[in-house]
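The following exercises concern the geometry of a single protein chain. Please examine the sequence and the coordinates before attempting them.

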Amino acid sequence: MTSTAAPTAVLVDGGYELAEGGRWVDGRYVYVDILSGRLFELRDDDGPTVRQLARLDVPLGAVAPVADRPGTWIAAAGTGMALLTPDGALEWLDRPEDRTPLPSRMNDGVADPAGRFWAGSMAYDGTHGAGSLYRTDPDGTVVRVLDGLTIANGPAFTADGTTLYLADTASGTILRCRIDLVSGDLGGDPETFARLSEAEGGPDGMTVDDEGCLWVAMWGAGTVRRYHPDGRLLQTLTVPAPHPTSVCLHPGGTRLFVTTARYGVASPTPASGAVLSVPVQARATAACSWRGRS
């Protein structure tokens, strides 16, 4: 295992409270600022250019593009799942967290290679076991797949869609789930892929590279970890912000984008609440789409 202080560049000094959900979509980097409900895109063809795509009146956990509907996103927002149209309106599919006993919100989410959308939830006060993992099928049905989580975060899929990695940030646990490609159901109980001590930080946003290795942003530790599929820790990168929140590999194979948060930082650094770029030699495929309502 190697541990290095990464030569990090600040791409966007946004001062975001809780930037997260970074994905490479249609030739641009897309991310959210959860608590302010904002969606951004970053294009770097001629130098980094940031544009706000939407601003909601509810928290925005993550988005994925909707297939064959340019400019439309499926969003983990507020208390459920919605379609976010190009004019910034929300068309709700379901709001399952309205039916839970504690005030809660949606958190990170991702589309899988089969065209489904997965997203986690959490209670605002971080109540243990109050979070869940949901799956939104192409017909718009929202299914609770797992409960008993605390801060469900960083869902990430292998390229073939048969394996889902899921972080429970508060418990310091990364789960690995086998997925039935046809139904989207779990193939048995999740297994513990990694368990982290409090000193190692909490696993947050994640992505899988083209070698099947898992990259994990470590909230509270100022690090990014890379794991082999067999669970071995291969690499630890140190970044200049205590709360990295999500990781996204550039398809060119030379950069890792890292979102960070100012939330919960007593003495923010210039990199807190920013989008960072770290040189790496790894690549991943572009984000998948939700293949739902046309």
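Each exercise below gives a task and then a worked solution; the model is a predicted one.

**Exercise 1. Overall fold and dimensions**

Task: Determine how many helices and strands the chain has, and establish what radius of gyration the chain has beside that of a compact globule.

Solution.
1. The secondary structure amounts to zero helices and 25 strands.
2. Along the principal axes, the C-alpha atoms occupy a box of roughly 45 × 40 × 35 Å.
3. For 294 residues, a compact globule would have a radius of gyration near 19 Å; the chain has 17 Å, and therefore agrees with that expectation.
4. Of the 294 residues, 57% are buried.
5. The accessible surface is about 11500 Å², and carbon and sulfur atoms account for 48% of this area.
6. When contacts between residues at least 6 apart in sequence are considered, 47% of them join residues at least 24 apart.

**Exercise 2. Disulfides**

Task: State how many disulfides a search of the whole structure finds, and explain why C248 and C288 are not bonded.

Solution.
1. The search returns zero disulfides.
2. In general terms, a disulfide is a covalent bond that links the sulfur atoms of two cysteines.
3. The criterion requires the two sulfur atoms to lie within 2.5 Å.
4. For C248, the closest cysteine sulfur is that of C288, at 12 Å, so the separation is too far for a bond.
5. Starting from C288 leads back to C248, again at 12 Å and too far for a bond.
6. The surroundings of the two residues may then be stated: C248 is buried, at 5% relative accessible area, whereas C288 is partly exposed, at 25%.

**Exercise 3. Nonpolar cores**

Task: Identify which residues have the most contacts inside the largest nonpolar core, and list what L237 touches beyond its sequence neighbours.

Solution.
1. As a general principle, nonpolar side chains in soluble globular proteins tend to be buried together.
2. The largest nonpolar core comprises 18 residues, and W215, L237, L256 and V278 have the most contacts inside it.
3. At least two residues of this core come from each of β20 (214-219), β23 (244-249), β24 (255-260) and β25 (275-279).
4. Leaving out residues up to four places away in sequence, L237 touches T4, A6, W215, G222, T223, V224, L256, V278 and V280.
5. Three of the residues named in step 2, W215, L256 and V278, thus recur among the partners of L237.
6. Another core, of 15 residues, lies apart from the largest one and includes V32, L39, L56 and A261.

**Exercise 4. Backbone and loop positions**

Task: For D26, find the value of phi and the loop that holds the residue; do likewise for D68. Then locate S197 and give the C-alpha separation of S197 and T173.

Solution.
1. D26 is not a glycine, yet its phi is positive, at about 50 degrees.
2. D26 sits in the loop between β3 (19-25) and β4 (28-33), and it is exposed, with 61% relative accessibility.
3. D68, also not a glycine, has a positive phi of about 65 degrees.
4. The loop between β7 (60-65) and β8 (73-77) contains D68; this residue is exposed at 76% relative accessible area.
5. S197 belongs to the loop between β18 (191-195) and β19 (202-208) and is partly exposed, at 37%.
6. S197 and T173 are 24 residues apart along the chain, and their C-alpha atoms are separated by 9.1 Å.

Notes. Residues are numbered from 1 along each chain as its sequence is written. This is a predicted model: local features need pLDDT of at least 70, side-chain atom pairs count only at pLDDT 80 or more; totals for chains, interfaces and linings use all residues. Side-chain values use heavy atoms; hydrogens and water are left out. Buried means under 20% relative accessible area, exposed over 50%, partly exposed in between (1.4 Å probe, protein chains only). Helices (H or I, at least four residues) and strands (E, at least two) are DSSP runs, numbered from the N terminus. A nonpolar core is a set of buried Ala, Val, Leu, Ile, Met, Phe, Trp, Tyr and Cys residues joined through side-chain atoms within 4.5 Å. Contact means heavy atoms within 4.5 Å. The radius of gyration is taken over C-alpha atoms; the globule rule is 2.2 Å times the number of residues to the power 0.38. Accessible areas come from the Shrake-Rupley method with a 1.4 Å probe; for residues, only the protein chains shown count as cover.
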